[in-house]
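Dear colleague,

Please find below the structure that I am handing over to you. My notes on it follow directly after it.

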Amino acid sequence: MRTKMMFISGLLSLVVSAALAAPTQAVTVLANGGSYFRASGPIQYWHFDAGEGYCGHLASWCSPSHMQWTYSMDPLHSSNWAMWTVPTPEMYYSAVYAFIPRRDATALAFYSTGYGYASERQTTVNQNAYYDQWVGLNSGQKLYRVGTVVLDDNNQWFGKSGVYRVAFDEIKIEN
Amino acid sequence: MRYSKIIAAFGALVVVAGASTLAVTANAMKHMAPAPKSIKQLIGELDDAIRRELDSGCVETDAKGGKKLCGAAKEKIDRLHEETAAEIDARTSRLPGDRAGDLRAIKKFRGLDRLPLTYNSTSSNPYRDDGSAIESYVDDQGNEYWVDPSADRLVQMGPHAGSDQAPHQVGQENRLPVKELRDRAISLADGAVDGFAARRSSLHPLEDNKDKQIYFFRWDDFSAPLKESELPPFVQVALYADGTLASFTNTLR
C-alpha cells in the first residue's frame, strides 16, 4: 500500500506503509529550487548547468532542470551557501542522502545537517569520487527529526593543487 | 463441631498457601525486567528531553540564525540521541549473526579477508522506491559500503563522509592509459556483479572523467519501466587515473 504526493516545485513526499516495527516510512526529496531551497551569496559566484543533476536529466517529475555550483573557497573566506529546509520534519530517525551530479562536483564539500530541533552534524563528502548517484551524508548514522541541510563553499582541499567546484543538487531524507 | 474444626483447619491451610503464592509471585515480579519501551515511547522520551533542554539548558544562536544546544545540554542530548538510535536499530534490523553474508560480500569484493568492518545502521535504499533496505558499514580505510540484505549483495562502496581529507591527485608519471582503466573496470564489474558478462551487451555503456583525474565506467539498464523517482539501474566503477578504486555501485535488479 503506497501513497505518493508530488509537487513539481521540487518537493516529493512519499509515504510507504511497510510491515516494520518502525513508524510509517517516509521519503522526502528536496530540490535545489522552490520554496524549500535558499541560496545565499554573491550571484556572480553561482553557476548553473542546464539539463544536469537528478531533476535535470534523470527524473522527469521534478524541477528545476538544472544543478548549480560554485568554486570552493578558503574556509576563512566562505561566501556562498545554500539551505534545504524540510517543510514538516519527521518525528523519527532518518538517513540523509545528497545527489552528486556528474558535472562540476569535484570538491571535498562541507555539509551540515540540522536535526533534533537544535543539533547539528557537520561532515565532509568527497563529491569528486561520485557521479550521478546518491551518497550518504552521515556514514549510515541516522538522525532524529532532520530539519535542514546546509552546504557551503568551504572546502578543506582549498589551496591544494587543482580547481575545486562544489555542486548543489537534490537532497533525499528517508527513514 | 468436629467438621467445623476440619473446615477451619482446611481454610487456614488455603490462606497460608495463598499467601505463600502471593509472596512468591511478588518476589518473582520484583526480579523481573520491566517490559521494554516501545519505539514510540523511546522517541517520546528523546523529544521530551530535547524540549526540556531547549527550555532551560544551554542554547546559542548560530551564524545562520538557527538555535543550537551547547555545553552540558548538548552532551546530554547527543548521548541520548545515540543511545536511542542504537536501541531502535537493534529492534528494526537483522540480528548481527544474520549479517555474516554482508561481511563476506564486502571482503570478497575488496579481496581483503581481514578487512575490519563496523556496522552502522539499516536504512532505506535510496535507489529503490519500494521500502527495500541497505545495511551500512565502514572500514578502517575511509570507505562506506551499502549491502542489500535480501541478497547479501554489495550495492555501493565509496569514501564515507568525513574521509578523504586530502585530494587524490595523480601525477603524469603514474597515469594509466584509458584502455587499461577500462579493462580493469570491466574485470572488477565481472567479479562483483552476478551475470554481468552475459548482461553487459544489453546495458548502455557510458565513459566519462572529471578533470582527467578520475574515470567513470558506467552501464545503465534502460530496459525496464521504473517508478518516476527511481534512477535507471546501473553498474558503475570509478577509478583514479592511476587505477586506484574510488567508488563502485551496482543497482541492477
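I begin with one residue pair in chain A: Met83(A) has Val150(A), in strand E13(A), as its bridge partner. Please bear in mind throughout that this is a predicted model.

Strand E13 of chain A

The pair just named belongs to the antiparallel match between strand E7 (residues 81-85) of chain A and E13(A), which are joined by five bridges. E13(A) also pairs with strand E9 (residues 108-115) of chain A, again in the antiparallel sense and over five bridges. Within that second pairing, Thr113(A) finds its bridge partner in Val149(A).

E13(A) is mostly covered, with five of its five residues buried. The cover extends to both faces: Thr148(A), Val150(A) and Asp152(A) are buried on one side, and Val149(A) and Leu151(A) on the other.

The loop before this strand

Gly147(A) lies in the loop between strand E12 (143-144) and strand E13 (148-152) of chain A. Is Gly147(A) buried or exposed? It has 21 C-beta neighbours inside 10 Å and therefore counts as buried, the threshold being 20 or more. Leaving aside residues up to four places away in sequence, Gly147(A) touches Val86(A), Pro89(A), Gly114(A) and Tyr115(A). The C-alpha atoms of Gly147(A) and Ile173(A) are 9.7 Å apart, with the two residues 26 apart in sequence.

The sheet of chain B

Chain B contains an open sheet of eight strands, paired antiparallel in the order E3-E4-E5-E6-E10-E9-E8-E7. Strand E3 (117-124) and strand E7 (204-210) of chain B form its edges; each has a single partner strand, so one side of each lacks a neighbour in the sheet. On average, and ignoring direction, neighbouring strands of this sheet are turned by 20° against each other.

Inside the sheet, strand E8 (residues 214-220) and strand E9 (residues 234-240) of chain B run antiparallel and are joined by seven bridges. Arg218(B), for instance, has Gln236(B) in E9(B) as its bridge partner. Helix H5 (residues 178-192) of chain B packs on the sheet, where it touches strand E6 (153-159), E8, E9 and strand E10 (245-250) of chain B. The direction of H5 makes about 135° with that of E9(B).

Core and interface

The largest nonpolar core has 91 residues, and those touching the most other members are Leu30(A), Val96(A), Ala98(A), Leu151(A), Ala238(B) and Leu239(B). Strand E8 (residues 93-100) of chain A supplies the largest share of this core, seven residues. Not counting residues up to four places away in sequence, Leu239(B) touches Leu181(B), Arg184(B), Ala185(B), Tyr215(B), Thr244(B), Leu245(B) and Ala246(B).

Between the chains, 51 residues of chain B are in contact with 55 residues of chain A. The chain B side of this interface comprises 21 nonpolar, 18 polar and 12 charged residues.

Confidence in chain A

The average pLDDT of chain A is 85, and 84% of the residues score at least 70. Two stretches call for caution. Residues 1-10 of chain A stay under 50, although the model has 23 contacts for them beyond four places in sequence. The pLDDT is likewise below 50 over residues 13-22 of chain A, a stretch with 24 contacts in the model beyond near neighbours in sequence. Where pLDDT is low, the predicted coordinates should not be read in detail.

With kind regards

Key. Residues numbered from 1 in each chain as written. Chains lettered and ligands numbered in written order. Predicted model: local features only at pLDDT ≥ 70, side-chain atom pairs only at ≥ 80, totals over all residues. Contact = placed C-beta atoms within 7 Å. Nonpolar A, V, L, I, M, F, W, Y, C, P; charged D, E, K, R; others polar. Core = buried A, V, L, I, M, F, W, Y, C linked by C-beta atoms within 7 Å. Buried ≥ 20, exposed ≤ 12 C-beta atoms within 10 Å, placed from the backbone. Helix = DSSP H or I, 4+ residues; strand = E, 2+ residues; numbered from the N terminus. Pairing = 2+ DSSP bridges. Axes fitted to C-alpha atoms, helices over the stretch in contact; angles between N-to-C directions. pLDDT = per-residue confidence, 0-100.
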